[in-house]
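Hi,

Here is the structure I said I would pass on. Have a look, and my notes follow below.

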Amino acid sequence: MSSPNDPAVAPAPSVARVVLLGNPNVGKTTWFNRLCGERHHTANFSGTTQDARVGDPGLTTPRGRSVELVDLPGTYALDLDQSEATICREVLAGTTAVEDRAAPPDAVVIVVDATNLERNLVLVGEVLAGGHRGIVILNMMDEARRRGLDIDAGRLASMLACSVVPACGRDGTGLDDVRTAIVDVLAADVPVATATEPPTSAPTSDPAPSPARHDGGVGHPAPRIGSVPPRPTAPDAPSTADDWRTWARAVADAACTTGEPDRAEASDRRTDRIDAVMLHPVLGLLIFVAVMTGLFAVIFRLASFPMDWIDMIVGGFGSIVASAMPDGLLQDLMVDGVIAGVGATVVFLPQICLLFFLLSLLEDTGYLSRASLLVDRWLRPFGLSGHAFIPLLSAHACAIPAIAACRGIPDARARLATVLAAPFMSCTARIPVYVLLTGLLFPDQPTLQAVAFTGCYVLGAGAGLLSAMIARRTVARGTARRISLELPSYRLPSLRAALLTMWDRGLGFLRKAGTVILLISIVLWWLSAFPRTEPPTAAVDLRADAAAVVEVDPDRAAELESEADRLESVHASQRSALGRLGATVQPIFEPLGYDRTLTVGVLASFAAREVFVTTMAVQLMGEEEPGEAQLFDTLGSATRDDGTTPIFTPATSWSLLVFYVFAMQCLPTLVVTAREAGGVRWALLQLGWMSAFAWIGAFIARQIALAAGGG
Amino acid sequence: MPTSVPAHIADQTSPEDDCVPLTELKPGELGRVRGLRLSEEDAATVRAMGVHDTCDLRICRSARICVVQVLGGGGTACRIALDRDLARDVLVTPMTIGGRPVDVG
């Protein structure tokens with residue numbers, strides 16, 4: 001039987017593929033980042049929705065082949081019935097393509113948690129038994145030493161018949177040894193094992209003489225152990241999961257001893273004490289509330305500065321482009337379509353980056369897993385488990401990465417319910433709309449504005465949970481699966497890892513802004529700009545009046561020009577394709593109190609809700625970037641086409657606020673839902689459900705406001 | 001509080017018919033898993049995380065969420081949180097010396 005690495009079966013391509021594999025939470029991503037840094041991109045495992053990170057570790061084999069590193073999803077074992085395990089199995093077998101290339105990898109780097117050797121070795125055994133050239137990174141050696149564990153990496157290498165590198169991804173210890181081991185293993189002409197010849201079944205056989213003992217660890221750069229491992233022979237090779245566990249225990253027992261048991265006891269006691277506080281039903285909850293409040297306070301306070309800068313840069317860039325290009329369609333497209341549209345989205349980049357940076361720090365400390373356990377109790381009545389906590393939390397920044405994070409939920413039906421519920425959480429794109437409407441409802445009353453603002457978040461979260469509960473009783477029927485979760489050790493977070501996560505997520509967001517959102521912006525611009533119309537007579541007259549008085553009273557002339565601009569803008573908006581669509585659709589929104597102008601605002605923001613403020617500013621003021629005070633004054637006093645009825649009555653404003661809390665209004669989210677939930681039908685269900693929920697909620701809000709005298 | 005069970009304790013686990021739900025053990029006590037009375041899905045998940053037949057556990061916390069330390073070979077270990085309902089379906093034999101549970105907490 002041929003092994004996957006048999007050169008006779010698979011002729012060597014110009015790029016040698018190395019895959020990175022490991023249990024969840026063993027520091028696999030840290031090692032990918034250590035090896036590739038920023039030299040990576042995101043692809044897909046073909047036929048799946050799972051992202052595949054493909055990186056360039058900057059290595060070349062002795063035969064001149066460059067090396068690419070593929071980061072596989074974390075899995076406890078290859079034989080599990082989970083999507084992550086299936087992808088790992090198929091990539092190792094060469095049946096799933098990465099970047100259109102389906103072939104078994106040339107080598108497998110398996111990251112192992114040194115403090116939890118036995119369980120991690122099951123995966124190592126399965127991989128090596130498959131005939132792959134393997135390199136084991138014995139990660140977290142610093143923690144293993146702190147626990148008083150004494151791991152004989154040389155003995156482990158000889159038992160596994162592959163290179164074993166003691167290392168610590170957090171500070172980069174062992175990085176050079178890992179790089180050398182990869183090149184060495186790729187230089188070997190023969191595979192280390194074949195499918196019929198798994199690694200040694202018991203440590204007692206010890207097929208190769210044990211090299212000198214190496215402890216590795218922090219401050220002691222570890223020498224590389226075992227260059228080209230010998231071909232092992234094992235007549236009684238493990239075949240079942242139980243066999244593998246027995247084998248793993250025997251190997252762990254032989255390679256590892258508790259040199260200083262006191263240290264392990266002290267470490268365990270410390271973790272027990274911290275857990276007693278963090279998981280305490282009252283104290284833990286108070287800490288949870290404090291951490292979450294702090295998280296969002298930091299995000300909103302700190303992000304406001306770079307958001308203002310981006311806003312200023314986008315506005316300035318628009319002005320420069322407008323002055324550099326001749327008046328006309330192309331200028332309108334660039335300034336009003338591309339720059340304004342993409343700029344309105346890119347402005348949220350700081351909040352998204354900060355959220356992922358802080359979440360990465362929190363996750364690294366080991367706290368987020370504990371928080372998931374705390375929240376589990378509150379999510380269960382809605383059919384969800386604590387696994388849904390991190391996706392729902394992330395959705396407060398942006399639903400797109402939140403929906404992608406739902407892959408971590410083990411129960412498929414609970415995962416679907418979470419995907420459907422996540423967009424109800426108030427994302428950053430809703431903030432401009434909330435600010436505008438709470439400002440109109442409570443002018444000069446910041447406390448009441450803050451209360452209403454917070455209420456929007458609570459309302460959104462409540463609607464999301466209610467929707468999840470309904471989904472769990474209908475389309476994703478089932479009860480909340482009882483939670484089981486690995487609790488990582490408490491440790492200081494890695495700034496480097498958090499910065500790389502932030503960079504990765506930020507780039508992903510910008511990529512979407514440069515593709516999907518750019519396309520939407522152009523389409524919306526086209527709908528709102530065509531068909532072109534002649535300026536109204538009133539505007540022409542005003543311009544003539546302005547020209548007549550410009551010499552004697554320039555201020556008056558500027559006022560007249562500004563009013564002419566507004567009239568032209570309103571006229572063009574009314575006659576544009578979007579304006580006509582608004583007039584046609586307006587009867588649907590009439591019960592909510594929306595006139596044609598508001599209906600156009602709602603329709604224009606169908607693809608991206610933050611566009612609402614821009615659309616209203618353009619329609620009512622003829623400007624996209626008005627000052628805040630001017631915006632509130634004009635919108636607050638704006639009237640319907642009859643010239644007397646205010647557009648923003650309190651009842652209408654409440655109705656709009658509730659509508660935007662619940663409405664989907666985000667095309668990229670629908671695209672991601674279709675991808676992650678497994679079909680367009682789920683995206684359509686989400687759109688229909690959220691739209692209906694928003695309409696009914698807005699109708700009820702208006703009726704209550706009217707009854708309270710807010711007409 | 002050992003990170004693996006010493007031989008003189010491991011040899012004195014209760015007979016298999018003395019199995020009790022994991023939830024009956026108190027924090028600090030040791031037990032050996034004798035069976036998982038779980039659905040196939042749940043059993044596969046907890047087994048993958050290291051809680052399998054014959055593995056040794058130390059109870060760290062016994063509340064609505066039970067936290068156990070799975071004691072692996074060579075003194076290595078990991079910490080797993082289990083919903084109490086789930087933990088109730090994990091059957092263990094308490095480790096005893098002279099008929100008294102071993103408490104290493």
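**A covered helix and a shared sheet**

Helix H5 of chain A (residues 153-160) is mostly covered, with seven of its eight residues buried. Keep in mind that this is a predicted model. The buried ones in H5(A) are A:Ala153, A:Gly154, A:Leu156, A:Ala157, A:Ser158, A:Met159 and A:Leu160.

What covers them? The elements over the buried residues of H5(A) include two helices of chain A, H3 (117-129) and H7 (241-255), along with strands S6 (134-139), S7 (149-151) and S8 (163-166) of chain A.

Both ends of H5(A) are worth a look. At the N-terminal end, A:Asp152 acts as a cap, with a side-chain oxygen 3.2 Å from the backbone nitrogen of A:Gly154. After the helix comes A:Ala161, which has a positive phi, near 60°.

Now for the sheet. It is open, has seven strands with antiparallel pairing, and runs in the order S10(A)-S5(B)-S4(B)-S3(B)-S2(B)-S6(B)-S1(B). The edges are S10 (484-487) of chain A and S1 (20-21) of chain B; each has a single partner strand, so one side of each is left without a neighbour in the sheet.

At the S1(B) edge, two bridges join that strand to S6 of chain B (residues 90-94), and the two run antiparallel. There, B:Val20 sits opposite B:Val92 of S6(B).

At the other edge, helix H8 of chain A (residues 261-278) lies across S10 of chain A as well as S3 (56-62), S4 (65-71) and S5 (77-83) of chain B. H8(A) runs at about 35° to S3(B).

Cheers

How values were computed: Residues are numbered from 1 along each chain as its sequence is written. Chains are lettered from A and ligands numbered from 1 in the order in which they are written. This is a predicted model: local features need pLDDT of at least 70, side-chain atom pairs count only at pLDDT 80 or more; totals for chains, interfaces and linings use all residues. Side-chain values use heavy atoms; hydrogens and water are left out. Two strands pair if DSSP finds at least two bridges between them. Helices (H or I, at least four residues) and strands (E, at least two) are DSSP runs, numbered from the N terminus. Contact means heavy atoms within 4.5 Å. Axes are lines fitted to C-alpha atoms, for helices over the stretch in contact, and angles run from 0 to 180 degrees between N-to-C directions. Buried means under 20% relative accessible area, exposed over 50%, partly exposed in between (1.4 Å probe, protein chains only). A polar contact is a pair of N or O atoms within 3.5 Å; within protein, one must be able to donate a hydrogen and the other to accept it, and residues adjacent in sequence count only if both atoms are side-chain atoms.
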